Amino acid sequence: MASHSTTPGAAADVFRVRGGTPLRGTVSLAGAKNSALKLMAASLLTDEPVELEQIPAIADVPVMAELLAGLGVEVALDSDGGTCRLRAADPHFHAPAAAVRRIRASISCLGPLVGRVRRARLALPGGDQIGARGIELHLQGLTAMGASIIDHGDELEIIATDLHGAIITLDFPSVGATENLLMAAVLADGTTVIDNAAREPEIQDLCRMLVAMGANIQGIGAPTLEIEGVERLTGVRWETCPDRIEAGTYAMAAALTGGDVVIERVRAQDLTMPLIKLRAAGVMVEEGGSSLRVKAAGLDAVDVVTLPYPGFPTDLQPQMMVLLTQAVGTSRCTENVFESRFSFVDQLRRMGADVQIDGHHAMIRGPVPLHGATLAGLDVRAGAAGAMAGLVADGETIIEDIHHIDRGYADFVPRLQALGADIERVRADA
Ligand code: UD1
């Protein structure tokens, strides 16, 4: 069974991939990374126990646990069962800088701390370097709700003695800003309206858990959320929603290799746009209750545009681009969410891919045979995409800096091995 602990010295490991084997078999999804981390942060909103299930065995989870423990939350992470028990009896406001800087999701503690403690102090968060990733939308919203912001240079402090409802229209449907404002609003005085809110399935998961804790939220899944603040929230037991990005990654890996894979514990309704694009590319996708069967023999070019949900997810763009290197014709891929997300294209080109970049558009001509290479410095999704490229490349591909992949994919190597992939995790010097 998976362990939540990271292997000592894991940063020095690499993935060695040999291409040529179509993936076949069944893979069951873990809980969503981008939900689990926020559900953990939401435990700050109550003094009662919160029990979370289907917490994925990814490296960001123990970092989030460490961060919450540093805020005074009792955290018990069951390394075998994917369960996390948390109790924030009396949290304090100052988050430990070391853990904050290691994960982007640490910013998700801001809203709950402001809601519950009316004060938060934290360093600017870390995470993938895939763009500017500002937090001004989070801060503008909190300011509208009565918070004052003090800039300490390397840390920000937010004080909201009088936290009240407000009408907030986001410039952009930011996932993180929507979540933070939501988590502050559930305990604020009065009604908050968040317009142009993000609608990602992970935000819906968070909203539903908050409602189960006693929050009053209208418009879940819609672009306008209306939140009536309540005095207090109760404890809850909650199962994290399945990881749609992991689902999309395995679906694309199956199609790319000309394989036949069944994905279990999936919610096809969260994957509408990726499945439209896979079908348009000639992939057979069969939906059956909570499973998907993905099968392909030959791929056609297709255009993809990343947008906030329900648009095509930016977190599946690198994987889709790898798939399109093997499609017949010219595909166009437009990235609208993160400006630096094409940085992995250089590495893909080194494997032989024909990809031309023009601003935030990429033209991919295929099919082009890929050859093995050593790939380094990729973020979590580009890292997975690099491994996928290795699955169809001639010869051996080495993926370095795999701690990024460990941040977002539970048991990536054993699960691909179970599907027949020739991939292993080895010491860099092996
Ligand atoms: C979350 C996900 C990430 C996903 C992204 C978009 C987590 C931990 N991460 O990231 O996997 O790729 O949603 O689906 O859940 N922006 C600003 N100012 C702000 C807020 C955002 O400029 O105040 C910009 C960002 O720089 C980025 C874009 O808006 O270009 C999207 O950011 P956002 O939706 O907030 O993504 P994250 O919450 O960081």
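A polar contact here is a pair of N or O atoms within 3.5 Å. Keep that in mind as we walk through this predicted model, starting with the ligand. An oxygen atom of the ligand sits 3.1 Å from a polar backbone atom of E136, so this pair falls inside the cut-off. S174 joins in with its side chain: one of its polar atoms there is 2.6 Å from a ligand oxygen. With G176 we're back to the backbone, where an N or O atom lies 2.9 Å from an oxygen atom of the ligand. On its own, the ligand has 750 Å² of accessible area, and the protein covers 88% of that.

So what else is around it? The ligand has 18 residues around it, and the ones that come nearest are K38, L137, S174, D315 and V337. S174, then, belongs to that nearest group as well as offering the side-chain atom at 2.6 Å. Sorted by class, the shell splits into 6 nonpolar, 6 polar and 6 charged residues.

Now look at where the shell comes from. Three helices each give two or more residues to it: α1 (33-42), α5 (136-144) and α6 (175-185). Of the elements, α5 supplies the largest share, with 3 residues.

Finally, how far does the predictor trust its own work? Across the chain the pLDDT averages 93, and 95% of the residues score at least 70. The stretch to treat separately is residues 1-11, where the pLDDT is below 50. In the model, that stretch has 23 contacts beyond its near neighbours in sequence.

Technical notes
Residues numbered from 1 in each chain as written. Predicted model: local features only at pLDDT ≥ 70, side-chain atom pairs only at ≥ 80, totals over all residues. Heavy atoms only, no water. Near = heavy atom within 4 Å. Polar contact = N/O pair within 3.5 Å; in protein donor to acceptor, adjacent residues only side chain to side chain. Areas by Shrake-Rupley, 256 points an atom, 1.4 Å probe, with all protein chains shown as cover. Helix = DSSP H or I, 4+ residues; strand = E, 2+ residues; numbered from the N terminus. Nonpolar A, V, L, I, M, F, W, Y, C, P; charged D, E, K, R; others polar. pLDDT = per-residue confidence, 0-100. Contact = heavy atoms within 4.5 Å.
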